[in-house]
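Work through the following exercises with the sequence and the structure side by side. Try each task before reading its solution.

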Amino acid sequence: MEYKRANRSFLYMILATLAFTLLMSYWIILTGNSLSIFANNALSELVVLIPALAAILYGGEKITEVVPFKKIKISTIFMIVIYVITLFPLVSFVNAVSMLFVENMVSSISDEVLAMPMWTMLISIGIVGPFVEEFVFRGYILQSYQRTGRIIGSIVLSSILFGMMHLNFNQFAYGTVMGVMFCLLVEATGSIWSSFFAHALFNSIEVVYMYSMPDLISEADDVLEEYGAGDGSIYLMIGIYFVLAVIFTALALCVVYKISEMENRRTFVDSIRMYPRQGYKLITLPLIIAMVIAFAWMIFVATYL
C-alpha cells in the first residue's frame, strides 16, 4: 500500500540525511575544509528527493499520477501572495516560543549564508529547496496518505514529518505549522504548484530580509537567547506575536477558502471534516523507527551542539 511505502521512504530519508551529516562532519575533521552552504543545501535536498523518487518508480506509477501538478489560475497566484503574507505572524510566534528553549537554527548559519551572493541563496533556499520539499511532502507523502481516505490525518502527519525532516526542534516547530498551512493550500487548489509558489515566496522573502537587515535579525535573536524565559518583556513580545498570529491566521484561512472557490474546490474543502477518521492506521513500524531516530538526534543537537 502506498502509505506504507511512503513511511519506509521517510525512514530512508532520515537515515540518508543523518549519514550525510555525519559524513560531512568527518570530512571537516579530516580535511579542515567544509562544503559551501550552497553545495551542502543541494546535497541535503538530494538525499531527501532520491528515496521519494525511487519509491514512485518502484511502484510503477508515473510521477504525475502520484504528485498533483495541476495548473492553477493566475488570479490564484495573486491570492497566494496575500496568503503568504498572513502566515508570517504565525511563524514568528512559533519561532519565538521555540527560541525560549532552543537556538534559532537559521540565525546560526546566517554568516555562512551572507558570505554567498544573494542570488545563489535565492536559488538554493528560495527555489530548489521549496520545490524538492513540496514534491516530497505535499506531493508524494501527502498524496500517498490521502489514498487511505484519512484526509485530516494525512495533513497532520505529513506536516509533522516535514518539520521533523529538519532534525532540530526550532525548525521542527514552525516547519510543522507551515506544513499544515501548505497542505491546506494544496487541498484548496488540488496542485502542489500552489504550495511550491507559497513556499518559494516565503523563503525568498526571508532570504532578502536576511541580506537587507542582518544586524536587526542578529540583535532580535540575541535578546531572546540572552534573557530567555526569565524576562517578562519576552513574554510580552510573544504575547503580541500571539495576538497577531490569531488575527492573521484567521485571515489566512479565509484566503485559502476563497482560493478553493476560485479553483472550484470548495465542495471538497467543505467535505474534509466529513472524511472517516477510522480505517487504515497511517503509522507503521518503519515510521516509528524513523521518528524515534529523528527525535533522538534533535535531543542530541539541542543538548550538545
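**Exercise 1.** State which residues of helix α8 are buried, and find which helices cover them.

*Solution.* Begin with the list: the buried residues of α8 are Ile151, Ser154, Ile155, Leu157, Ser158, Ser159, Leu161, Phe162, Gly163 and Met164, where buried means under 20% relative accessible area, exposed means over 50%, and partly exposed lies in between, with a 1.4 Å probe and protein chains only. The helices themselves are DSSP runs of H or I with at least four residues, strands are runs of E with at least two, and both are numbered from the N terminus. Next, judge the helix as a whole: because 10 of the 14 residues of α8 are buried, this helix is largely enclosed by the rest of the structure. Then look for the cover, which includes α1, α7, α9, α10 and α14 (285-304); for this, a contact means heavy atoms within 4.5 Å.

The model is a predicted one, in which local features need pLDDT of at least 70 and side-chain atom pairs count only at pLDDT 80 or more, while totals for chains, interfaces and linings use all residues. Residues are numbered from 1 along each chain as its sequence is written, and side-chain values use heavy atoms, with hydrogens and water left out.

**Exercise 2.** Compare the span of α8 and of α2 with the span expected for each helix.

*Solution.* The expected span of a helix is 1.5 Å times one less than its number of residues. For α8, the 14 residues should span 20 Å, and the end C-alpha atoms are 20 Å apart, which agrees. Helix α2 (residues 37-58) has 22 residues and reaches 32 Å from its first C-alpha to its last, close to the 32 Å expected.

**Exercise 3.** Describe what surrounds the buried side of α2, and what follows this helix in the chain.

*Solution.* First collect the buried residues of α2, among them Val47, Val48, Leu49, Ala52 and Ile56, and also Glu45. These buried residues pack against α1 (2-31), α3 (63-66), α6 (110-114) and α7 (118-146). Finally, move past the end of the helix, where Gly60 takes a positive phi of about 80°.

**Exercise 4.** Which residues does Pro89 contact, leaving aside its neighbours within four places in sequence? Examine Phe88 in a similar way.

*Solution.* Pro89 is found in helix α4 (residues 74-98), and with a relative accessible area of 14% Pro89 is buried. Leaving aside neighbours within four places in sequence, Pro89 is in contact with Tyr241, Leu244, Ala245 and Phe248. As for distance, the C-alpha atoms of Pro89 and Phe242 are separated by 7.8 Å, although these residues are 153 residues apart along the chain.

Phe88 also has its place in helix α4 and counts as buried at 19% relative accessibility. With neighbours within four places again left aside, Phe88 is in contact with Phe202, Ile205 and Glu206. Phe88 and Phe248 are 160 residues apart in sequence, yet 8.4 Å apart in space from C-alpha to C-alpha.

**Exercise 5.** Is His199 buried or exposed, and which residues does His199 contact beyond its neighbours within four places in sequence?

*Solution.* His199 lies in helix α10 (residues 192-212), and at a relative accessible area of 3% His199 is buried. Apart from neighbours within four places in sequence, its contacts are Pro130, Glu133, Glu134, Arg138, Phe162 and Phe182. Phe162 is also one of the buried residues of α8.

**Exercise 6.** Examine the loop residues Leu167 and Asn264, and decide for each whether the residue is buried or exposed.

*Solution.* Most residues other than glycine have a negative phi. Phi of Leu167, however, is near 60°, a positive value, and phi of Asn264 is likewise positive, near 60°. Leu167 lies in the loop between α8 (151-164) and α9 (169-189) and counts as buried at 6% relative accessibility. Asn264 lies in the loop between α12 (232-262) and α13 (266-271), but with a relative accessible area of 67% Asn264 is exposed.

**Exercise 7.** Describe the chain as a whole, from its secondary structure to its dimensions.

*Solution.* The chain has 14 helices and 0 strands. Along its principal axes, the C-alpha trace spans about 50 × 45 × 35 Å. Of the 305 residues, 47% are buried. Among contacts between residues at least 6 apart in sequence, 84% join residues at least 24 apart.
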